[in-house]
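User: I am new to this structure. Please take me through how its labels are earned.

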Amino acid sequence: MSSLFSPPSIDDLIHLLKAWKFWVLGAIVGGLIGAAVYVIIPPTYRARATVNVDFNLEQAWPQETDRQQFYYLERETRKLEEIAWSDNVMRTLSSGLLVPVEELRGGKLRLSQPAEAGWHFYAEDENPERARELAVAWAKLFEEAVRGNIAGSQGLNSFIRVDATQVENLPVERSAYLSTYMLGGAILFLTISAIGVLFFPPPRASTLHGTRPIGREDNNRK
C-alpha cells in the first residue's frame with residue numbers, strides 16, 4: 001500500500017491471512033495487555049436494587065383499547081422517570097451520602113428497564129459498600145416519592161403500586177468484566193498491528209543491501 005487512502009491490494013490481504021501465527025500471538029498479547037489494564041486500573045464497583053412497579057391496567061383502564069393502554073403506560077412511565085431523577089430525590093440522596101448531585105446525574109447512577117415490573121436502580125462507586133448504599137437509598141427514596149405523589153394526588157394514577165423488592169444484602173460486582181478488557185485489548189492490538197503491517201511493511205532484503213536480484217539475463221551475459 002503506497003498511501004493511507006489507497007485500497008489494499010490482493011497481495012496485502014493474502015499476506016495478512018497467511019500470517020496466522022501473527023494473529024494468534026497478537027490475540028494472546030492483546031488479551032494479556034487488557035488483563036493488565038484491568039488489574040492496574042480496575043473498573044468501579046456496581047450494585048443493583050430493584051423496585052417492582054405495577055400499573056394495574058385491568059383496574060385503571062378496564063374497557064379501553066390496547067392503544068389507549070399503551071399511551072397510558074408511556075405517560076405514567078415518563079412521570080415515574082421524572083420522579084426518580086427529580087431534584088428532591090437527588091438532593092435527599094446527596095445530603096444523606098455526601099455525594100454531589102452533579103456526580104449522581106453524571107454517570108454514578110443509572111436507571112434501567114423503566115416499564116411495568118422490575119425497575120433496576122444501578123449505582124457505581126470505587127468503594128463496593130458505597131455503591132450498595134447508593135443503590136439502596138435511591139430505590140427507597142423513589143418508592144417513598146411515588147407513594148407520596150399518589151397519596152397526595154399530585155399527578156400519578158392512583159392504581160399504580162410500587163414496592164422495593166431487592167434492597168437487602170445486594171451483591172456488588174465490577175461494572176465491567178475481565179473478559180471484556182481482554183477481548184478489547186486483543187481487538188485493539190490486532191487492529192493496530194494490522195495497520196502497521198499494511199501501511200509500514202518491512203523493507204525487502206534487496207533494498208537493505210542496495211542490490212537487485214540477479215536475473216536470467218545477467219547470467220546469460222556472463
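User: Where does Ile41 lie?

Analyst: This is a predicted model. In it, Ile41 sits in the loop between helix 2 (20-40) and strand 1.

User: Why is Ile41 called exposed?

Analyst: Its relative accessibility is 57%. Exposed means over 50%. Therefore Ile41 counts as exposed.

User: Which residues make the nonpolar surface patch?

Analyst: Ile33, Val37, Val39, Ile40 and Ile41 make it. The patch covers about 510 Å². A patch takes residues with over 30% relative accessible area. Ile41, at 57%, passes that cut-off.

User: What makes Glu74 and Arg78 a salt bridge?

Analyst: Their closest N and O atoms are 2.8 Å apart. The rule asks for a side-chain nitrogen of Lys or Arg within 4 Å of a carboxyl oxygen of Asp or Glu. The pair therefore qualifies. Both residues lie in helix 4, four residues apart, which is about one turn of the helix.

User: Why is Arg78 called exposed, and Glu74 partly exposed?

Analyst: Arg78 has a relative accessible area of 54%. That is over 50%, so Arg78 is exposed. Glu74 stands at 30%. Partly exposed lies between the 20% and 50% limits, so Glu74 gets that label.

User: How do you know that Glu129 and Arg132 form a salt bridge?

Analyst: Their side chains meet at 2.5 Å, N to O. That is within 4 Å, so the rule is met. The two are three residues apart in helix 7, so about one helical turn separates them. Glu129 is partly exposed at 39% relative accessibility. Arg132 is partly exposed too, with a relative accessible area of 24%.

User: Is Lys108, the partner of Glu103, buried or exposed?

Analyst: Lys108 is buried. Its relative accessible area is 12%. Buried means under 20%, so the label follows. Glu103, at 40% relative accessibility, counts as partly exposed. The closest N and O atoms of this salt bridge are 3.3 Å apart. That is within 4 Å, so the pair counts.

User: How many salt bridges are there, and which residues are linked in a network?

Analyst: The count comes to nine. Arg75, Glu76 and Lys79 are linked in a network of salt bridges.

User: What makes the largest nonpolar core a core?

Analyst: Its members are buried residues of nonpolar kinds, joined through side-chain atoms within 4.5 Å. This core has 38 residues. Leu93, Phe121, Trp138 and Phe142 touch the most other members. Strand 1 (45-54), helix 4 (66-84) and helix 7 (128-151) are among the elements that each supply at least two residues. Helix 7 gives the largest share, ten residues. In soluble globular proteins, nonpolar side chains tend to be buried together.

User: Which residues does Trp138 touch?

Analyst: Leaving out residues up to four places away in sequence, its contacts include Ala84, Trp85, Val89, Met90, Leu93 and Phe121. Arg110 and Tyr122 are also among them.

User: What does the whole chain look like in numbers?

Analyst: The chain has ten helices and five strands. Of its 222 residues, 32% count as buried. Its accessible surface comes to about 14,600 Å², and 58% of that belongs to carbon and sulfur atoms. Among contacts between residues at least 6 apart in sequence, 72% join residues at least 24 apart.

How values were computed
Residues numbered from 1 in each chain as written. Predicted model: local features only at pLDDT ≥ 70, side-chain atom pairs only at ≥ 80, totals over all residues. Heavy atoms only, no water. Buried < 20%, exposed > 50% of the residue type's maximum accessible area, 1.4 Å probe, protein only. Contact = heavy atoms within 4.5 Å. Patch = residues over 30% accessible without salt bridge, like charges linked within 9 Å, V, L, I, M, F, W, Y side chains within 5 Å. Areas by Shrake-Rupley, 256 points an atom, 1.4 Å probe, with all protein chains shown as cover.
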